[in-house]
Amino acid sequence: MEAVTFENVKFIYREDDPAYAVNGVSLSIGEGQFVAVLGRNGSGKSTLAKLINALLTPTEGKVTVFGMDTADAKQTFEIRKSAGMVFQNPDNQTVASIVEDDVAFGPENIGVPREEIGKRIDFALDAVGMQAFRHSTPSRLSGGQKQRIAIAGVLAIMPKIMILDESTAMLDPKGRREVMDVIKKLNKDRGMTVILITHFMEEALEADRAIVMHRGEVVMDAAPEEVFSRSEELEAYNLTLPRAAYISKKLAEGGMPVKGAFNAEELAEEICASLQKI
Amino acid sequence: MLNDVTFGQYYPTKSFVHNMDPRAKIVFIIAYIVAIFLADNFFALAAVTLFLIVAVLFSRVPFGRVLRSVKMILFLIIFTAILNLFFYSSSEELHMIWEWKFISVSWEAIINMIFLAFRLFLLVMGTSILTLTTTPVALTDGIESLLTPLKWIRLPVHELALIMSIALRFIPTLMDETNRIVAAQKARGANFETGGLIKRAKAVVPILIPLLVSAFRRAEDLGDAMDARCYSGAKGRTKYKKLTFTWRDLIGLLLFAALIAGVVLLNTYLGGKFEIIGYFVK
């Protein structure tokens with residue numbers, strides 16, 4: 001079964017808004033996929049994310065999560081149990097002043113028995129590598145650590161889908177790396193379906209599939225390497241290339257025989273190879 | 001500036017009192033306040049004071065820390081003590097020392113003043129032992145648990161407790177935010193240090209408004225995050241942390257029962273607080 005499907009979904013925040021925030025999106029995401037959703041500010045990517053776990057319901061069309069319709073209020077609870085979501089600001093998603101209490105919040109809400117909650121906290125904190133901070137205060141942790149706690153809070157509910165709505169946007173490079181490592185591990189080791197909303201192109205490279213949104217529509221949907229090889233199109237949507245890809249493109253334009261590279265290692269190899277040819 | 005969990009004045013250490021059930025501690029503090037006001041002669045007052053000293057010793061909080069809590073209301077204590085000294089009146093005849101128009105000082109007034117000041121002093125010290133040895137989170141849990149019977153009259157106990165713990169959790173966040181806003185406004189030339197009272201009060205407005213706006217934005221985010229984590233009120237919810245009543249609490253309970261009984265006995269058998277006057281005045 002598909003994890004998430006969108007059928008010609010339209011969404012508008014207020015009736016008098018001039019344009020749809022999401023305008024006629026149809027797509028499906030298979031279980032275990034790692035999907036990056038790209039787009040500039042206001043492209044509708046965050047709205048797309050909130051449509052998945054029924055924080056928003058479509059104005060037109062239909063969204064399903066494992067076959068459950070998000071418009072059906074009776075299913076909302078089950079949908080949120082299977083599709084967890086981590087938000088942008090790490091400070092605004094913790095409810096308790098001690099890490100373990102915060103991680104316990106989700107399982108408590110879905111009525112997990114007490115002994116089981118303890119096990120789930122262990123599991124979730126292990127998965128994000130924060131077991132040592134179990135009794136700490138979130139407000140004293142770094143941004144990346146706070147965001148890992150937020151991920152643990154979602155993991156403790158044991159969802160099958162993890163949605164990250166620009167969860168790395170407010171972090172420093174180190175924090176971003178920490179969070180990306182955790183997400184990748186969850187996807188690889190546990191087969192978790194990951195939907196990563198981001199405006200960092202480098203992060204999209206780590207996904208299996210990249211979806212580009214522009215003015216509420218899906219304009220590109222392919223493997224990240226393919227998306228980034230269509231640089232003119234990307235420019236039209238106000239998106240840039242990953243740095244390595246940009247450098248290799250410029251080098252190629254300048255006459256150096258390098259093929260498109262997407263990360264620093266590939267780029268270095270390409271440059272070495274082309275230097276040897278001279 | 002703010003340390004840890006430890007908003008308020010929590011003193012982190014391990015001790016007998018720290019490990020007690022917060023519910024028990026809240027009940028004890030109420031019992032202690034009752035005992036303070038029951039104590040009606042110097043012996044009973046001494047017993048209550050001794051009890052406090054023992055409690056402080058068992059909490060392993062330095063005496064200085066406990067005394068510091070009194071500093072804040074020292075003015076209040078002195079003020080009420082002075083008022084009581086000069087304006088004490090009673091239906092019974094007083095042993096006057098000094099009189100001038102409607103102001104007077106009597107032996108009874110002096111004793112009354114001593115009792116009043118001492119009771120306030122003990123009251124603040126006692127309650128601060130509670131806040132020094134209990135984290136705000138544990139306090140909130142304790143209050144929630146104690147208020148549970150009120151669910152029968154449809155008081156939203158769980159929601160109130162959640163509001164309290166979220167408020168506590170956001171204090172450091174909003175403190176940071178305030179500092180940031182102050183710095184930002186200063187960078188744009190705002191002046192918070194000089195000027196009269198009204199000018200300074202007005203200067204606070206450009207801090208409060210952005211703070212309020214951001215607090216609302218945070219509240220909205222938090223609401224979404226709670227929804228996303230399946231929050232749907234108290235119904236069908238389990239609780240991870242369970243408060244447990246242990247042998248410590250039982251010992252505490254026995255000690256408090258002994259204290260109250262002792263105070264009542266001392267009151268009954270050793271006379272009222274004014275009897276001591278007989279030794280000074282014939």
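**A walk through chains A and B**

A:Met158 is partly exposed, because 18 other C-beta atoms lie within 10 Å; a residue is buried if 20 or more other C-beta atoms lie within 10 Å of its own, exposed if 12 or fewer, and partly exposed in between, with C-beta atoms placed from the backbone. The residue sits in the loop between α5 and β7 of chain A. Although A:Met158 is not a glycine, its phi is positive, at about 60°. Helices (H or I, at least four residues) and strands (E, at least two) are DSSP runs, numbered from the N terminus.

This is a predicted model, in which local features need pLDDT of at least 70 and side-chain atom pairs count only at pLDDT 80 or more, while totals for chains, interfaces and linings use all residues. Residues are numbered from 1 along each chain as its sequence is written, and chains are lettered from A and ligands numbered from 1 in the order in which they are written.

The loop of A:Met158 leads to β7(A), a strand of an open sheet in chain A. Six strands make up this sheet, in the order β6-β7-β8-β3-β9-β10, and their pairing is mixed. Two strands pair if DSSP finds at least two bridges between them. At the edges are β6 (83-86) and β10 (217-222) of chain A, each of which pairs on one side only. On average, neighbouring strands of the sheet are turned by 20° against each other, direction ignored. For such angles, axes are lines fitted to C-alpha atoms, for helices over the stretch in contact, and the values run from 0 to 180 degrees between N-to-C directions.

The edge strand β6(A) pairs with β7(A) (residues 161-165) in the parallel sense, over four bridges. Within this pair, A:Gly84 stands opposite A:Met162, and the bridge partner of A:Val86 is A:Leu164. Both faces of β6(A) are covered: A:Ala83 and A:Met85 are buried on one side, A:Gly84 and A:Val86 on the other.

Two helices of chain A lie against the sheet. Helix α1(A) (residues 45-52) lies across β3 (34-38), β6, β7, β8 (193-197) and β9 (209-214) of chain A, and runs at about 150° to β8(A). Helix α6(A) (residues 173-190) packs on the sheet too, touching β3, β7 and β8 of chain A, and its direction makes about 150° with that of β8(A). Two residues are in contact if their C-beta atoms, placed from the backbone, lie within 7 Å.

Next comes α4(A) (residues 114-127), a helix of 14 residues. From its first C-alpha to its last it reaches 20 Å, close to the 20 Å expected at 1.5 Å a residue; the expected span is 1.5 Å times one less than the number of residues. Its buried residues are A:Ile117, A:Arg120, A:Ile121, A:Ala124, A:Leu125 and A:Ala127. These are on the same side of α4(A), because they cover an arc of only 150° around the axis, the arc being that of the directions from the helix axis to the C-beta atoms. Against them pack α3 (99-109), α5 (143-155) and α6 of chain A. The face turned away from the buried side carries the exposed residues A:Glu115, A:Lys119 and A:Asp126. Just after α4(A), A:Gly129 takes a positive phi of about 65°.

In α3(A), 11 of its 11 residues are buried. What covers them includes α4 and α5 of chain A together with α6 (136-147) of chain B. Just after α3(A), A:Gly111 has a positive phi of about 75°.

The cover from chain B leads to the interface, where 35 residues of chain A are in contact with 28 residues of chain B. On the side of chain A, the elements that give two or more residues are α2 (76-82), β6, α3, α4 and α5. The largest share, six residues, comes from α3(A). By class, this side has 15 nonpolar, 13 polar and seven charged residues; Ala, Val, Leu, Ile, Met, Phe, Trp, Tyr, Cys and Pro count as nonpolar, Asp, Glu, Lys and Arg as charged, and the others, Gly among them, as polar.

Two residues of chain B remain. B:Leu132, in helix α5(B) (residues 107-133), counts as buried because it has 24 C-beta neighbours inside 10 Å. Leaving aside residues up to four places away in sequence, B:Leu132 touches B:Gln9, B:Tyr10, B:Tyr11, B:Ser59, B:Val61, B:Arg65 and B:Val66. B:Cys230 lies in the loop between α8 (197-228) and α9 (247-269) of chain B. B:Cys230 is buried, with 25 other C-beta atoms within 10 Å, and has a positive phi of about 65° although it is not a glycine.
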